[in-house]
Amino acid sequence: MNWGSAVTDSALWLAEAYAITVVVLVVTALLLARYTFWGNQFRRMAWPYFDPRRTVIPLSILALLLLLTIFGVRVTVLFSYWYKDFYDAIQNLDETAFWHYLRVFAILAAVHVASSLVVYLVGQTLDINWRSWLNDTLTDDWLDGRAYYRGNFLENPVDNPDQRIQADITAFATSSRTLSMGAVAAMVSIVSFTKILWDLSGPLTVFGAEIPRAMIFLVYTYVLVTTALAFWIGRPLIMLNFLNEKLGASFRYALVRLREYGESIAFYRGENVERRTLGLRFAAVIRNMWAIVFRTLKFSGFNLAVDQTAVVFPFLVQGSRLFSGQITFGEVMQTAQAFGQVHNSLSFFRESYADFASFRATLIRLTGLADANRRARALPVLDAFSAGSHLVVRGLDVRTPVGEALISELDMSLGPGDALLVKGPSGSGKTTLLRSSPWEWCSPA
């Protein structure tokens, strides 16, 4: 590594990596949105915010965050070359080089700290702005056409829309950023450190057969196999996390309902009924939590075992080459650091599966709310029109959700000062008549 030209070389590397990453990211996003169900769900929730026809600010923030993420990978690559040169200086007992590389480390560390802080600031800016826009958009969508009320009459009404707006929006914005930028950093790291490992790898003889570039073969085989197993173990976490949000929200709603209707419950001595309701809902929460615990034990235990086993791989492979003089101590340490980076980057998708499962659950809940709002606005509605100071009804039919007629061909006209009494046995449709009529019935006097 020529540290004298490190700045120029890094700038050229950053420009090339950024251009390639943007192209790959755009193509991947388009393919996911077209060919996967969750990708299409994500497009529905995210693209209206990033649409440059609305404003270019969100895309500009995202572009800056992407640049900073790739820059962070470059700093890690420079650290890898520093490891080699620093440990070679120790092996050669070169005191001048030793202190020189400590100064280089101080510069790299300062750059790393500064870039990490800027990444945090830009990431939080994106999260907050995105959350604010989503909150306004979904709240307006929920209120539009009285979907918040009409949604109660859907065949399958959505549960806890308030919780979806309050909590799921935050989780969606944050998880979208962390998972996407994490995936970008992982992929760029894989490409960068695979090249380093390729240069450092030597042949390895196993059962009489020689494996060229053994380090590359081992790391990719090991991680791909363990990742496939981790996905199989962790797949049930998607539904378990969805149920965790749903059951927890239902329990909170029962508590809020108890407080809101406290006077009526106290008047009718309904504490025992409410206690049973709360107990049943809380028991469902706990059962699901234990299911998550046991599944996470399997998933996390597998990941920990995989990570610990991978620690000794570079030394097992490169040890014989070090003692035979084929490579230096610095190259062994660089191999270990590069191997760790490739392993961690390849393992990102395995270790992030639980987070992705939670993200999928959040995405399902948010798109479910949007779909419920749309279906609620599509329910039949009476056409309201101005009739001066009169209330006029012509040909009103009211039916139950299963199609049973309650009122047929009702004609009615009320003038100022007229009174109307609606009477009939319980269940005959008195309240339904009032619910079926738009509030615009109340014409100005």
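User: Happy to dig in! Which residues form one aromatic cluster with Trp38?

Analyst: This is a predicted model, and a search of the whole structure turns up 22 aromatic pairs. One cluster brings together Phe, Tyr and Trp residues, and Trp38 belongs to it. Its partners there are Phe42, Tyr49, Phe50, Trp130, Trp133, Phe172, Phe356 and Phe359.

User: Among the 22 aromatic pairs, how are the rings of Phe42 and Phe172 arranged: stacked, tilted or edge-to-face?

Analyst: The ring centres of Phe42 and Phe172 are 5.8 Å apart, and the planes meet at 50°. Stacked would need an angle under 30 degrees and edge-to-face one over 60. With 50° between the planes, the pair is therefore tilted.

User: How many residues apart in sequence are the parts that Phe42 and Phe172 tie together?

Analyst: Phe42 sits in helix 2 (residues 37–50), while Phe172 sits in helix 6 (residues 161–200). Because the two rings come from these two helices, the pair joins parts of the chain whose separation in sequence is 130 residues.

User: Nice. Is Phe172 buried or exposed?

Analyst: Its partner Phe42 has a relative accessibility of 27% and so counts as partly exposed. For Phe172 the value is 0%, and the limit for burial is under 20%. Phe172 is therefore buried.

User: What about Tyr83 and Tyr87: is that pair stacked or edge-to-face?

Analyst: These two tyrosines are four residues apart in helix 3, so about one helical turn separates them. An α-helix has 3.6 residues a turn, so residues three or four places apart point the same way. The ring centres of Tyr83 and Tyr87 are 6.1 Å apart with the planes at 10°. That angle makes the pair stacked.

User: What end-to-end distance should helix 3 span, given its 35 residues?

Analyst: Helix 3 covers residues 57–91, and each residue step adds 1.5 Å. The expected span takes one less than the number of residues. The end C-alpha atoms in the model agree with the expectation, which is 51 Å.

User: Which residue just after helix 3 takes a positive phi?

Analyst: The place to look is just after helix 3. There the phi angle is about 55°, and the residue is Leu93.

User: On to charges! Which residue meets Asp141 in a salt bridge?

Analyst: The structure holds eleven salt bridges, and in one of them the side chain of Asp141 is bridged at 2.7 Å, N to O. Asp141 belongs to helix 4 and its partner to helix 13 (residues 353–377), so the bridge ties together parts 236 residues apart in sequence. At 29% relative accessibility, that partner counts as partly exposed. The residue is Arg377.

User: Which residues are linked with Asp159 in a network of salt bridges?

Analyst: Asp159 meets Arg164 at 2.7 Å, N to O, and also meets Arg365 at 3.5 Å. Asp159 lies in the loop between helix 5 (147–150) and helix 6, and Arg365 in helix 13, so this latter pair ties together parts 206 residues apart in sequence. Together with Asp159, the network contains Arg164, Asp168 and Arg365.

User: Is Arg365 buried or exposed?

Analyst: Within the network, Arg164 has a relative accessibility of 4% and counts as buried. Asp168, at 1%, is buried too. For Arg365 the value is 0%, so Arg365 is buried.

User: With which side chain does Asp168 make a polar contact?

Analyst: Asp168 is found in helix 6. Leaving aside neighbours within four places in sequence, its contacts are Gln163, Glu245, Thr362, Arg365 and Leu366. The polar contact, at 2.7 Å, is with the side chain of Arg365.

User: And which side chain does Arg177 reach through a polar contact?

Analyst: Arg177 is in helix 6 and counts as buried at 14% relative accessibility. Not counting residues up to four places away in sequence, Arg177 touches Leu65, Gly123, Gln124, Leu126, Asp127 and Gly182. The polar contact is 2.9 Å long, and its partner is Asp127.

User: Finally, where is confidence highest?

Analyst: The protein averages a pLDDT of 84, with 93% of residues scoring at least 70. Over residues 438–445 the pLDDT is below 50, and this stretch has 14 contacts in the model beyond near neighbours in sequence. Among the helices and strands, strand 1 (residues 204–206) has the lowest mean at 65, and the highest, at 94, belongs to helix 4 (residues 95–143).

Definitions and conventions
Residues numbered from 1 in each chain as written. Predicted model: local features only at pLDDT ≥ 70, side-chain atom pairs only at ≥ 80, totals over all residues. Heavy atoms only, no water. Phe/Tyr/Trp six-rings, centres within 6.5 Å; stacked < 30°, edge-to-face > 60°. Buried < 20%, exposed > 50% of the residue type's maximum accessible area, 1.4 Å probe, protein only. pLDDT = per-residue confidence, 0-100. Contact = heavy atoms within 4.5 Å. Salt bridge = Lys/Arg side-chain N within 4 Å of Asp/Glu carboxyl O. Polar contact = N/O pair within 3.5 Å; in protein donor to acceptor, adjacent residues only side chain to side chain.
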